[in-house]
Amino acid sequence: MPEQTTSRLRTKDLTLIALFTVLTAVCAWISVPVPAPLIQFTMQTFAIFAALLTLGGRRGTYAVTAYLLLGAVGAPVFSNFRGGISVLLGATGGYILGFFFTALLYWGMTAKLGESLPVKVAAGVLGMVTYYAFGTAWYLALYAQMGKPMGLLAALGYCVFPFVIPDLIKLALAVLLAQRAGKYAQ
């Protein structure tokens, strides 16, 4: 019997990818509503970090991509049980699309620099910068399109500054989860 190549996904891999896709949806539904123009707090970023840190760059990216595709086709996997292209074109769309690039960045960094804890944490922090950049740029463009242009500092005050500490805590929790559960995901 031929040996499986490492590039093929096994049934276990597909199951774990599906599990973390569902975990991301459930975590997106856990939110703290805030008044506009602030972006609401969710546990979605915890799930993104948990998928990447536990499954690794390749399978974690697949889980993030599956989550995004489910939401894009209308499954209610985004915050407040929403789905569809309209969510991706809304105020949080830049963040959601930024998750994909965060996952690619994580996959690339860990593939090139190894799977050590410092590399994983650095990839997570740079991933935060990535989705903040996408989210803030999208937010600025959206408000400018609505005829309400906003300065960069104001946008950062709505889109980034309130989230840095909570997201670092979510990253730390995801690191702890991955250290405990990661051996079962191999």
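How much space lies in the largest cavity? In this predicted model, the largest cavity holds about 240 Å³ of space. The structure contains 2 cavities of 30 Å³ or more. The lining of the largest cavity comprises 18 residues. Nearest its centre lie Ile39, Gln40, Thr42, Gln44 and Tyr95. Several elements contribute to this wall. Strand β2 (41–42) and helices α2, α5, α6 and α8 each supply at least two lining residues. Helix α5 gives the most to the lining, with 3 residues. Rolling a probe the size of a water molecule over the atoms shows where empty space is left.

The nonpolar core was examined next. The largest core has 46 residues. Those with the most contacts inside this core are Phe49, Leu53, Tyr67, Phe78, Tyr131, Tyr132 and Tyr139. Eight helices are listed as sources of at least two core residues each: α1 (11–29), α2 (44–55), α3 (57–72), α4 (85–88), α5 (93–113), α6, α7 and α8 (164–181). Helix α2 gives the most to this core, with 9 residues. In soluble globular proteins, nonpolar side chains tend to be buried together.

Tyr67 illustrates the packing of one core residue. Beyond residues up to four places away in sequence, Tyr67 touches Thr21, Thr24, Ala25, Ala28, Gln44, Val77 and Phe78. Two of these partners recur in other parts of this description. Phe78 is among the core residues with the most contacts, and Gln44 is one of the residues nearest the centre of the largest cavity.

Aromatic rings were then considered. A pair of aromatic rings is described by the distance of the centres and the angle of the planes. The count comes to 11 aromatic pairs. In one of them, Tyr139 and Tyr143 have ring centres 4.8 Å apart and planes at 40°. The pair is therefore tilted, since its angle is neither under 30 degrees nor over 60. Tyr139 and Tyr143 are 4 residues apart in helix α6 (residues 117–145), so about one helical turn separates them. Both tyrosines are buried. The relative accessible area is 1% for Tyr139 and 15% for Tyr143.

Tyr139 also forms a tilted aromatic pair with Tyr158. Here the centres are 6.5 Å apart, with 55° between the planes. Tyr139 lies in helix α6, whereas Tyr158 lies in helix α7 (residues 152–159). The pair therefore ties together parts that are 19 residues apart in sequence. Tyr158 is partly exposed, because its relative accessibility of 27% falls between the 20% and 50% limits. Elsewhere, Phe49, Phe99, Tyr131 and Tyr132 form one aromatic cluster. Of these four, Phe49, Tyr131 and Tyr132 also appear among the core residues with the most contacts.

Two threonines were inspected individually. Thr136 is found in helix α6. Thr136 is buried, with a relative accessible area of 5%. Apart from residues up to four places away in sequence, Thr136 touches Tyr95, Leu152, Ala155, Leu156, Cys159 and Val160. Tyr95 is also one of the residues nearest the centre of the largest cavity.

Thr45 lies in helix α2. Thr45 counts as buried at 7% relative accessibility. Leaving aside neighbours within four places in sequence, Thr45 is in contact with Phe99, Tyr131, Asp167 and Lys170. Phe99 and Tyr131 both belong to the aromatic cluster. The C-alpha atoms of Thr45 and Met128 are separated by 8.8 Å, although these residues are 83 residues apart along the chain.

Leu113 was also inspected. Its place is in helix α5. Leu113 counts as exposed, because its relative accessibility of 56% is over 50%. The C-alpha atoms of Leu113 and Arg82 are separated by 37 Å, with their positions 31 residues apart along the chain counted as the spacing.

Finally, the cysteines were checked. A disulfide is a covalent bond between the sulfur atoms of two cysteines. The structure holds 0 disulfides. Cys27 is buried, with a relative accessible area of 7%. Cys159 counts as buried at 0% relative accessibility. Cys159 is also one of the residues touched by Thr136.

Definitions and conventions:
Residues numbered from 1 in each chain as written. Predicted model: local features only at pLDDT ≥ 70, side-chain atom pairs only at ≥ 80, totals over all residues. Heavy atoms only, no water. Phe/Tyr/Trp six-rings, centres within 6.5 Å; stacked < 30°, edge-to-face > 60°. Buried < 20%, exposed > 50% of the residue type's maximum accessible area, 1.4 Å probe, protein only. Disulfide = S-S within 2.5 Å. Core = buried A, V, L, I, M, F, W, Y, C linked by side-chain atoms within 4.5 Å. Contact = heavy atoms within 4.5 Å. 1 Å grid on protein atoms, 1.4 Å probe; cavity = no way out; pocket = protein on both sides within 12 Å on 5 of 7 lines; lining within 4 Å. Points joined across faces, edges and corners; volume = space filled by probe spheres on them.
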